[in-house]
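Biologist: I would like to learn how to read a strand and its surroundings in a model such as this one. Could we go through it feature by feature?

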Amino acid sequence: MKYMDEYAEHYKDCAWVGFEELEKFMEEALIHAGVPAPDAKIIGDVLIESDKRGIDSHGIGRLKPIYIDRIDMGIMNPVTEIEVIKDKDATAVLDAHNGMGHVAGYKAMEMAIEKAKKYGLGMVVVRNSNHYGIAGYFATMATKAGMLGITGTNARPSIAPTNGVENMLGTNPLTFGLPTDEEFPFVLDCATSVTQRGKIEVYGRAGKALPAGWVLDHEGKTRTDTQQVLEDLTTGKAALTPLGGIGEVTGGYKGFGYATVVEILSAALQDGAWMKALNGFDDEHKAIPYPLGHFFIAIDPEHFMGLDTFKRIAGSICRELRASKLAPGEDYIFTAGEKEYLSYQFRKEHGCPVPPSLQKVMVTLRDRFKMNYSWDFEKK
Ligand SMILES: NC(=O)c1ccc[n+]([C@@H]2O[C@H](COP(=O)([O-])OP(=O)(O)OC[C@H]3O[C@@H](n4cnc5c(N)ncnc54)[C@H](O)[C@@H]3O)[C@@H](O)[C@H]2O)c1
Ligand SMILES: O=C(O)C[C@H](O)C(=O)O
């Protein structure tokens, strides 16, 4: 398969660090930054899962900058105190009090799964949280429990509405995890924008220009200058395009609509914050918390026609899709979750790729926290 044949080549400038070591490093760094050990375990697990699945934007790449920097700045609480605001049969509302999003997400999905076991469906929403990492982690908590998982979150403003140029909506993933009778579940885990900020950071680390169509400026023109785009997204001079792209011709309004659905479900059920209130700075440009909201839904197929039936039909649909006629020059049709499964298989053996700029971050954190690690990449 072309995708796997080219896989290692894509990472030729990287050092490879094994799952266990990378996870332990992230977990320990978080503990040094003030996160209680059990919570650091959860966050470390969410982050390493991103690296395992080949989602290079949201694992070690986000430990610093983002999480440790925000704790250092005093705008995110390393200790997560979750308050149950409302708990009624199949639903609940939680307040994470500016704690760690991964921890809030983990506890909320756990609660949704428990409710689904009893009622067939559980939905838990969270407010005053923080960035929770890959949405797919929480969706697959449900698939591992034999359930369907759905989750979404709002995020700092990035996407411009169709026919607009101002960054208003977060990159707002709308993510589904569906069990199948195959070795891996169907996991559609992606932003409602053409791309997300983390992938632009990955391009920045690799020194690559962006493809046209991902970002637009206030003139409505596409931008490809990666480093400046990262700055301009923060100051609002650039915006990401919704899924479907710029304008109406290729259906950009559908991505705009889905991003809006996620923004509403991440704020309205929980009486939380939305859009510009998630900018991360106040009128004087002083850094302030990003009070994000999330939602988590678990559905137990045993309350419908049963898990085995669900898995068989979901698996059959995926297999039929993969067996359909290929486009010229292509050698494989993927279904969602498959590339992540293939990455996992590859990385289990070779480790996770760490580019030079992240190697420097790891060394800085190790030295700052006086941690006991030495890596082969330091010897070069
Ligand atoms: N926490 C946040 O605020 C936030 C915001 C946005 C995105 N994210 C996370 O960023 C990650 C990456 O998001 P993204 O938008 O860059 O995703 P992406 O564009 O890389 O798409 C990934 C999804 O598409 C599927 N896929 C990829 N190639 C495919 C193909 N050829 N055929 C069929 N399916 C295919 C994958 O299996 C996966 O489900 C996700 O884990 C997401 O949750 C988080
Ligand atoms: O970075 C964010 O604010 C959200 C998300 O993780 C993204 O990469 O777009």
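**A covered strand and two ligand shells**

Modeller: In this predicted model, strand β6, which spans residues 174-178, is mostly covered, with 5 of its 5 residues buried.

Biologist: Which residues of β6 lie on one side and which on the other?

Modeller: In a regular strand the side chains alternate between the two faces of the sheet. Here Leu174, Phe176 and Leu178 lie on one side of β6, while Thr175 and Gly177 lie on the other, and as all of these are buried, both faces are covered.

Biologist: In which sense do β5 and β6 pair, and over how many bridges?

Modeller: Strand β5, residues 148-153, pairs with β6 in the antiparallel sense over 4 bridges, and within this pairing threonine 151 stands opposite threonine 175 of β6. Strand β7 is also antiparallel to β6, to which 3 bridges join it, and there phenylalanine 186 is the bridge partner of leucine 178.

Biologist: Turning to the ligands, which residues come nearest to ligand 1?

Modeller: Of the 29 residues around ligand 1, those that come nearest are Ile134, Ala135, Ala155, Cys190 and Ala191. Two or more residues of this shell come from each of α7 (135-144), β7 (186-188), α8 (197-205) and α12 (338-350), and the shell divides into 12 nonpolar, 13 polar and 4 charged residues.

Biologist: How does the shell around ligand 2 divide into nonpolar, polar and charged residues?

Modeller: The shell around ligand 2 holds 1 nonpolar, 6 polar and 2 charged residues; among them are Ser57, His131, Ala155, Arg156 and Arg197.

Key
Residues are numbered from 1 along each chain as its sequence is written. Chains are lettered from A and ligands numbered from 1 in the order in which they are written. This is a predicted model: local features need pLDDT of at least 70, side-chain atom pairs count only at pLDDT 80 or more; totals for chains, interfaces and linings use all residues. A residue is near a molecule or strand if its C-beta atom, placed from the backbone, lies within 6 Å of it. Ala, Val, Leu, Ile, Met, Phe, Trp, Tyr, Cys and Pro count as nonpolar, Asp, Glu, Lys and Arg as charged, and the others, Gly among them, as polar. A residue is buried if 20 or more other C-beta atoms lie within 10 Å of its own, exposed if 12 or fewer, and partly exposed in between; C-beta atoms are placed from the backbone. Two strands pair if DSSP finds at least two bridges between them.
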